[in-house]
Amino acid sequence: MRAVLTVIGKDKTGIIAKVSAVLSGKGVNILDISQTILQEYFAMIMLVDLSDSEIPLSVLADECRALGEEIGMSIHVQHEDIFNAMHKV
Amino acid sequence: MFNYGDVLETINMVEREHLDIRTVTMGISLLPCISGSAESTARNVYDTVCEKAENIVKVTQELSREYGIPIVNKRVSVTPAAVVCAPFADKSHLIGKALDNAAKQLGIDFLGGYSALVHKGMADYERTFINSIPEVLADTERLCSSVNIGSTKSGINMDAVKLMGETVKKTAALTAARDGFGCAKLVVFCNAVEDNPFMAGAFHGIGESGAVINVGVSGPGVVRHAVECAHGADLSELAEVIKRTAFKITRAGQLIAREAAKRLNAEFGIVDLSLAPTPTVGDSVAAILEGIGLESVGTHGTTACLAMLNDAVKKGGIMASSRVGGLSGAFIPVSEDEGMIKAAERGDLNIDKLEAMTAVCSVGLDMIAVPGETSASTISAIIADEAAIGMINNKTTAVRIIPVPNKTVGDCVDFGGLLGRAPIMPVHKLSSEKFISRGGLIPAPIHSNKN
């Protein structure tokens, strides 16, 4: 199962390192990563694979949200199908 | 890989514009529950509902976390109880109580289907059942009731219309301590649909299968945002913007509906393309109409704006879902929509204009508080007017009206939560008594003869 992880917030050092640490600790593989600065805001989108993950997607989403609160960023993890459904005909 | 625009748009829709799945509703057939006595049937009803919908809360919470979209309501609808209670109608309350207990056990806020379908005629057992509604609504917390009194194919059963005016009054009287709250759980329909996921009018039609998942999408805030961003667009361009937005919202609903059905061992039923407001600021259908260019909902032009909005939502939604059903239209419940509440308080929105609006949208005079002294025959006449609009226009219409005991125009009533608050709206004072007391059936219109 693949999910899209997004990180949005004010740019600072070490964001990718912290997120990657959580993912590798749970056996979640990063397939693709892309980041940009939009109007001073850091925006990163990762495509991740949970096939070998130790935890279900819902728990990963909760843990990433908590990490986001800790580092002052907004972090979402959502099943990729929601974006396929809403933005592809 | 996904592009930034698409991903951030979805996140913004949820975080800032109140995008949600408004309801995941499991329709459950109670026909296999009917047995020799009311008591054993009530036991079967409780067991069946609890078993089939056992995981509805757990599964919808999981889906919400996985897909990152809130699912606001988890509900159950059942076979119209009048059918289940037919052999022992004088004990219908036992079935009502069993359903309410099942809703409590499941942890859901509403369960719909304490309902009767009497659009062409009313048998003795159905009259007995309808007479039980006020007490059952007063004695239960989560049970919702609805009665279908007319259809395009059959006409309007005016005997049932008369009875429902009296039933609404009695329900208000028995729940007077809570400002007639029982009436907020009672809907009178014309052309009721069998797969509506929205409360209080949901029931599981006789033509449906054993267990079905119907999903209601929403998103007035998302549509309003899209309208606001479309600066300088003319109305056909605006309709396109709304269509595209409705498409995205509905696709999310379709995805959740299919996944929920799979995980709950039920069939996927329909997606209901409704714009359902809540009292939350920014989640208002009235605000969309005002965003299109009206100073206030209720002024001249309201009906035209609403017609365009409703049609564009359907066009976008129908393309997005393999199965569309339910009520599918913009709802205009007064007490549940911040913009409607304000317009009614200012006196810019009255019942006559609301009635006109219901000719072009879903679903009817919804959550309207009127003076407690309003007579049963006036309420019946309001029901008859709405039913006539539904019958002639081949659409669903409904009346959910609360004659608030001991309150009058100038007062306000607050039901709390999703049901919101409403100012008491004036009704016409002249009598409709003789018309209502005639009874009988208003014949089906000429265009119902299509065979």
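Reader: Which residues line the second largest cavity?

Author: This is a predicted model, and in it the lining is made up of B:V217, B:S218, B:A246, B:I249, B:T250, B:L273, B:S274, B:L275 and B:V313. Helix α9 of chain B, residues 235–263, gives the largest share, three residues.

Reader: What makes that space a cavity, and what volume does it have?

Author: A cavity is a set of points where a 1.4 Å probe fits but cannot get out. The second largest cavity has a volume of about 50 Å³. The count covers cavities of 30 Å³ or more, and it comes to two.

Reader: How many charged residues are in the lining of the second largest cavity?

Author: There are no charged ones: the lining has six nonpolar and three polar residues.

Reader: And what about the largest cavity, which residues are closest to its centre?

Author: About 340 Å³ of space lies in the largest cavity. It has 26 lining residues, and B:F198, B:M199, B:A200, B:E336 and B:R400 are the closest to the centre. Strands β2 (71–78), β6 and β10 (397–404) of chain B each supply at least two residues of that lining. By class, 16 are nonpolar, four polar and six charged.

Reader: Why is the space lined by A:I8 and B:L8 called a pocket?

Author: A pocket is an open set of points, whereas a probe in a cavity cannot get out. The largest pocket has a volume of about 380 Å³. It has 14 lining residues, with A:I8, A:Y41, B:L8, B:N12 and B:R16 nearest the centre.

Reader: How do you know that both chains take part in the lining of the largest pocket?

Author: Look at who supplies at least two residues each: β1 (2–10), β3 (41–49) and β4 (74–79) from chain A, plus α1 (4–15) from chain B. The largest share, four residues, comes from α1(B). The lining divides into seven nonpolar, five polar and two charged residues.

Reader: What makes A:K10 count as lying over the ring of A:Y41?

Author: The charge has to be within 6 Å of the ring centre and within 35 degrees of the ring normal. A:K10 lies over the face of A:Y41 at 5.8 Å from the ring centre, so the distance fits the 6 Å limit.

Reader: How many aromatic pairs does a search of the whole structure find?

Author: Three, over all chains. One of them joins B:Y114 and B:F129, with 4.4 Å centre to centre and 35° between the planes.

Reader: Why is the pair of B:Y114 and B:F129 called tilted?

Author: Planes under 30 degrees apart count as stacked and over 60 as edge-to-face, with the rest tilted. The angle for B:Y114 and B:F129 is 35°, so the pair is tilted. B:Y114 lies in strand β3 of chain B and B:F129 in helix α6, so the pair ties together parts 15 residues apart in sequence.

Reader: What does the pair of B:F181 and B:F415 tie together?

Author: This pair is also tilted, at 6.0 Å centre to centre and 50° between the planes. B:F181 is in the loop between α7 and β6 of chain B, and B:F415 in the loop between β11 and β12, so the pair ties together parts 234 residues apart in sequence.

Reader: Why do B:F181 and B:F415 count as buried?

Author: Buried means under 20% relative accessible area. B:F181 has 9% and B:F415 has 13%, so both are buried.

Conventions
Residues are numbered from 1 along each chain as its sequence is written. Chains are lettered from A and ligands numbered from 1 in the order in which they are written. This is a predicted model: local features need pLDDT of at least 70, side-chain atom pairs count only at pLDDT 80 or more; totals for chains, interfaces and linings use all residues. Side-chain values use heavy atoms; hydrogens and water are left out. On a 1 Å grid over the protein atoms alone, a cavity is a set of points where a 1.4 Å probe fits but cannot get out, and a pocket is an open set with protein on both sides within 12 Å along at least five of seven lines; lining residues have an atom within 4 Å of a point. Grid points are joined across faces, edges and corners, and a volume is the space filled by probe spheres set on the points. Ala, Val, Leu, Ile, Met, Phe, Trp, Tyr, Cys and Pro count as nonpolar, Asp, Glu, Lys and Arg as charged, and the others, Gly among them, as polar. Rings of Phe, Tyr and Trp (its six-membered ring) pair if their centres lie within 6.5 Å; planes under 30 degrees apart count as stacked, over 60 as edge-to-face and the rest as tilted. Buried means under 20% relative accessible area, exposed over 50%, partly exposed in between (1.4 Å probe, protein chains only).
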